[in-house]
Amino acid sequence: MTTTSTTNVRLLGCLAIFGSTFFLYLSTLVIRWAQKVVSIDASYFVFSRFISGFVFVCAAMLVLGTRPRIVNLHLLVGRSMTNCISVYFFYKAVSVTTVAEANILNMTYPLFVAVFAWIFYKDRRDIQATATLLIATGGVWLVLSPGGVGIDIDNTWGLMSGIFGAGAIIYLNLSRQHHDTHTILLFMFGLGALAIFIFFHQSIFWPSPKEAFFLLLCGASGVAGQYLLTLGFRYVTAVEGSVISSSRILMAAVLGPYLAADPALGIFGWIGAVLIFGTNVFLALRRVRFPRMGFLSKPEI
């Protein structure tokens with residue numbers, strides 16, 4: 001492959017990941033826009049995302065002529081359930097806090113993966129890693145406590161989405177050692193939709209045209225973001241992908257007041273957002289220097 005071709009491919013990968021960042025952010029904006037005109041529970045938006053993804057994956061596998069190949073069911077179920085819980089907490093955070101705070105706290109999942117690695121692997125407990133996690137903790141606290149004193153309890157939804165998101169990434173990195181992308185996505189979307197229906201069936205109803213519009217837009221945006229992320233990480237380095245993905249933190253902080261009519265972040269919130277973004281970038285660089293850094297690798301799907 002020529003230098004020009006390589007550059008074009010990497011540019012395509014970067015654009016795909018930036019597109020995924022936009023669509024994942026758009027899915028949360030749709031929830032906020034919908035609150036102004038219809039009454040839809042966060043669980044229904046999650047169900048819409050998963051059922052849309054399930055239909056899309058089934059169609060893709062039918063076109064490609066592939067079938068799911070199950071090697072380790074435990075890993076597939078673990079990935080599906082941790083991701084389902086993370087997405088529900090994320091969308092719940094959007095509905096009760098601001099779009100910016102929810103997105104920022106959801107993007108703490110790389111920090112929590114590093115925390116789990118620090119806890120379970122003694123060789124990860126060097127001074128640099130410990131200092132990084134302490135700084136990140138300070139950033140999370142500033143977002144959780146935007147006024148500087150006391151925690152906004154509603155923000156714990158966003159924090160929990162980051163914690164379970166870390167669990168989902170760990171399961172993903174273990175699962176893809178045995179399974180192909182479509183098998184993982186099929187279980188993730190299918191079991192996720194089933195779990196949401198079982199536990200929140202009272203919130204799921206036949207929607208009106210206006211309600212269906214918001215549900216489909218949210219679901220399609222989430223699925224588009226998922227697939228563009230998968231595509232993009234095939235053509236860029238882990239560092240490039242992680243930096244672009246983490247830009248959702250800054251995107252949400254800047255655009256929230258204009259697109260979601262949310263109050264602007266205060267000085268403490270901005271400092272916290274920048275600290276979390278910077279820590280994510282640093283952790284991505286550290287993974288290059290220390291490839292066996294816990295469970296972290298490319299979060300492709």
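Q: A disulfide is a pair of cysteine sulfur atoms within 2.5 Å; how many disulfides does the structure hold?
A: This is a predicted model, in which local features need pLDDT of at least 70 and side-chain atom pairs count only at pLDDT 80 or more, while totals for chains, interfaces and linings use all residues. Residues are numbered from 1 along each chain as its sequence is written, and side-chain values use heavy atoms, with hydrogens and water left out. Among the cysteines, C58 is partly exposed at a relative accessible area of 30%, whereas C218 is buried at 0% (buried means under 20%, exposed over 50%, partly exposed in between, with a 1.4 Å probe and protein chains only). The number of disulfides is 0.

Q: How many helices make up the secondary structure of the chain?
A: Helices (H or I, at least four residues) and strands (E, at least two) are taken as DSSP runs and numbered from the N terminus. From that terminus on, the elements run α-α-α-α-α-α-α-α-α-α-α. The chain has 0 strands, and its helices number 11.

Q: What share of the contacts with a separation of 6 or more joins residues 24 or more positions apart?
A: A contact requires heavy atoms within 4.5 Å. Of the 301 residues of the chain, 52% count as buried. For the contacts with a separation of 6 or more, the share from residues 24 or more positions apart is 87%.

Q: Which residues have the most contacts inside the largest nonpolar core?
A: A nonpolar core is a set of buried Ala, Val, Leu, Ile, Met, Phe, Trp, Tyr and Cys residues joined through side-chain atoms within 4.5 Å. The largest one has 42 residues, and the helices that each supply at least two of them include α1 (3–35), α2 (42–64), α8 (181–200) and α10 (238–260). A second, separate core of 29 residues includes A114, I184, I249 and F277. In the largest core, the residues with the most contacts are F45, V46, F50, Y91 and I196.

Q: Which residues does F50 contact beyond its neighbours within four places in sequence?
A: F50 is among the residues with the most contacts inside the largest nonpolar core. Its partners, leaving aside those sequence neighbours, are N83, C84, V87, M188, F189, G192, A193 and I196.

Q: Which residue forms a salt bridge with D262?
A: A salt bridge is a side-chain nitrogen of Lys or Arg within 4 Å of a carboxyl oxygen of Asp or Glu, and the structure holds 1. D262 lies in the loop between α10 and α11 (267–289) and its partner in helix α1, so the pair ties together parts that are 230 residues apart in sequence. D262 counts as buried at 9% relative accessibility, as does the partner at 8%. The closest N and O atoms are 2.3 Å apart, and the partner is R32.

Q: What is the phi of A261?
A: Most residues other than glycine have a negative phi. A261 lies in the loop between α10 and α11 and is exposed, with a relative accessible area of 55%. Although A261 is not a glycine, its phi is positive, at about 60°.

Q: Which residue joins S246 through a polar contact between side chains?
A: A polar contact is a pair of N or O atoms within 3.5 Å; within protein, one must be able to donate a hydrogen and the other to accept it, and residues adjacent in sequence count only if both atoms are side-chain atoms. S246 lies in helix α10 and is buried at a relative accessible area of 3%. Beyond residues up to four places away in sequence, M107 and F277 are among those that S246 touches. The polar contact spans 3.4 Å, and the partner is N280.

Q: How far apart in space are S161 and F90, C-alpha to C-alpha?
A: S161 is found in helix α7 (residues 156–175) and counts as buried at 0% relative accessibility. Leaving aside neighbours within four places in sequence, S161 is in contact with S86, F89, F90 and N106. S161 and F90 are 71 residues apart in sequence, and their C-alpha separation is 5.2 Å.

Q: How far apart in space are R69 and H178, C-alpha to C-alpha?
A: R69 lies in the loop between α2 and α3 and is partly exposed, with a relative accessible area of 47%. Not counting residues up to four places away in sequence, R69 touches H178, H179, D180 and T183. R69 and H178 are 109 residues apart in sequence, and their C-alpha separation is 9.0 Å.

Notes:
Disulfide = S-S within 2.5 Å.
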